[in-house]
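Here is a short set of exercises to work through with the viewer open. Try each task yourself before you read the solution.

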Amino acid sequence: FAPQHVPWFIIINNTVIFALWLIGVLTGSGGSTWRSLAGLESFFPGQQLTQLRIASQDCADLRWQAWRWLTYQFSHAGFWHMGVNIITNFLYGLSLEGWAGFWRMFVMWEVGVLGGALCFFVSDAHNA
């Protein structure tokens, strides 16, 4: 058997996600502690720079703001959203990264994030 890789990506990613969420909640980004949108979005309150959208509220075209396709992964809509994601990441990600290693896990993760964004655009185009 080959030795397992240390799952640094999962550990770092989940720590960053939790820290961004906690900072957002502690700075009072809005809503209750358990249901507030927090994370990377908290650093730009009211600007919605990290949310997946095709158009803004005033119908401005946002399709070419490609950073949204990746940065939405760092904002969560409450404690349970963030918590279940972290638990799931640990359940599946530890063994996957142990087998694949840091860089393969990083690439798989980001491809999944991008795929999720593109699926969202196709399936929820009227609300995006």
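At what angle do helix α1 (residues 8-26) and α3 pack, and how far apart are their axes? Keep in mind as you go that this is a predicted model.

**Exercise 1. Work out the packing of α1 against α3.**

Solution. Start with the geometry: the two helices pack at about 170 degrees, and their axes are 9 Å apart. Next, classify the angle. Anything over 145 degrees counts as roughly antiparallel, so α1 and α3 are roughly antiparallel to each other. Now list who does the touching. From α1 come Trp8, Phe9, Ile10, Asn14, Ile17, Phe18 and Trp21, and they meet Phe79, Met82, Ile86, Asn89, Phe90, Gly93, Leu94 and Glu97 in α3. Finally, sort these by class: the contact of α1 with α3 has 11 nonpolar, three polar and one charged residues.

**Exercise 2. Do the same for α1 and α4, then classify the angle.**

Solution. Here the angle is about 50 degrees, with the axes 8 Å apart. That makes α1 oblique to α4. On the α1 side, pick out Trp8, Phe9, Ile10 and Asn13; they meet Phe102, Met105, Phe106 and Trp109 in α4. Split by class, the residues of the contact of α1 with α4 come out as seven nonpolar, one polar and no charged.

**Exercise 3. Describe how α3 and α4 cross, including the handedness.**

Solution. First find the elements: α3 covers residues 79-100 and α4 covers residues 102-123. Their axes come within 7 Å and cross at roughly 130 degrees. That value lies outside the roughly parallel, roughly perpendicular and roughly antiparallel ranges, so α3 and α4 are oblique to each other. For the handedness, α3 passes α4 in a right-handed crossing. The contact is built from Asn89, Gly93, Leu96, Glu97 and Ala100 of α3, together with Phe102, Arg104, Met105, Met108 and Trp109 of α4. By class, the contact of α3 with α4 has six nonpolar, two polar and two charged residues.

**Exercise 4. Which two residues does Pro7 contact, once its neighbours within four places in sequence are left aside?**

Solution. Locate Pro7 first: it lies in the segment before α1. Check its cover next. Its relative accessible area is 18%, and the cut-off for buried is under 20%, so Pro7 is buried. With neighbours within four places left aside, Pro7 is in contact with Leu94 and Glu97. One more distance to try: Pro7 and Met105 are 98 residues apart along the chain, yet their C-alpha atoms are separated by 9.0 Å.

**Exercise 5. Is Phe106 buried, partly exposed or exposed?**

Solution. Find Phe106 in helix α4. Its relative accessibility is 32%. Buried needs under 20% and exposed needs over 50%, so Phe106 counts as partly exposed. Then pair Phe106 with Ile10: the two are 96 residues apart in sequence and 8.9 Å apart in space, C-alpha to C-alpha.

**Exercise 6. Place Ser75 and Thr71, and list what they touch.**

Solution. Take Ser75 first. Ser75 is found in strand β2 (residues 75-77), and with a relative accessible area of 11% it is buried. Leaving aside neighbours within four places in sequence, Ser75 is in contact with Leu37, Ala38, Gly39, Leu40, Glu41, Thr50 and His81.

Now Thr71. Thr71 sits in helix α2 (residues 68-71), and at 18% relative accessibility it counts as buried. Not counting residues up to four places away, Thr71 touches Leu40, Leu49 and Thr50. The C-alpha atoms of Thr71 and Leu40 are separated by 7.6 Å, with their positions 31 residues apart along the chain.

**Exercise 7. Zoom out and summarise the whole chain.**

Solution. Count the elements: there are four helices and two strands. Read along the sequence, they follow the pattern α-β-α-β-α-α. For burial, 33% of the 128 residues count as buried. For the surface, the chain exposes about 8300 Å², and carbon and sulfur atoms supply 71% of it. Last, look at contact range: among contacts between residues at least 6 apart in sequence, 61% join residues at least 24 apart.

Definitions and conventions: Residues are numbered from 1 along each chain as its sequence is written. This is a predicted model: local features need pLDDT of at least 70, side-chain atom pairs count only at pLDDT 80 or more; totals for chains, interfaces and linings use all residues. Side-chain values use heavy atoms; hydrogens and water are left out. Axes are lines fitted to C-alpha atoms, for helices over the stretch in contact, and angles run from 0 to 180 degrees between N-to-C directions. Angles under 35 degrees count as roughly parallel, over 145 as roughly antiparallel, 65 to 115 as roughly perpendicular and the rest as oblique. A crossing is left-handed if the near helix is turned anticlockwise from the far one by less than a right angle, and right-handed if clockwise. Contact means heavy atoms within 4.5 Å. Ala, Val, Leu, Ile, Met, Phe, Trp, Tyr, Cys and Pro count as nonpolar, Asp, Glu, Lys and Arg as charged, and the others, Gly among them, as polar. Buried means under 20% relative accessible area, exposed over 50%, partly exposed in between (1.4 Å probe, protein chains only). Accessible areas come from the Shrake-Rupley method with a 1.4 Å probe; for residues, only the protein chains shown count as cover.
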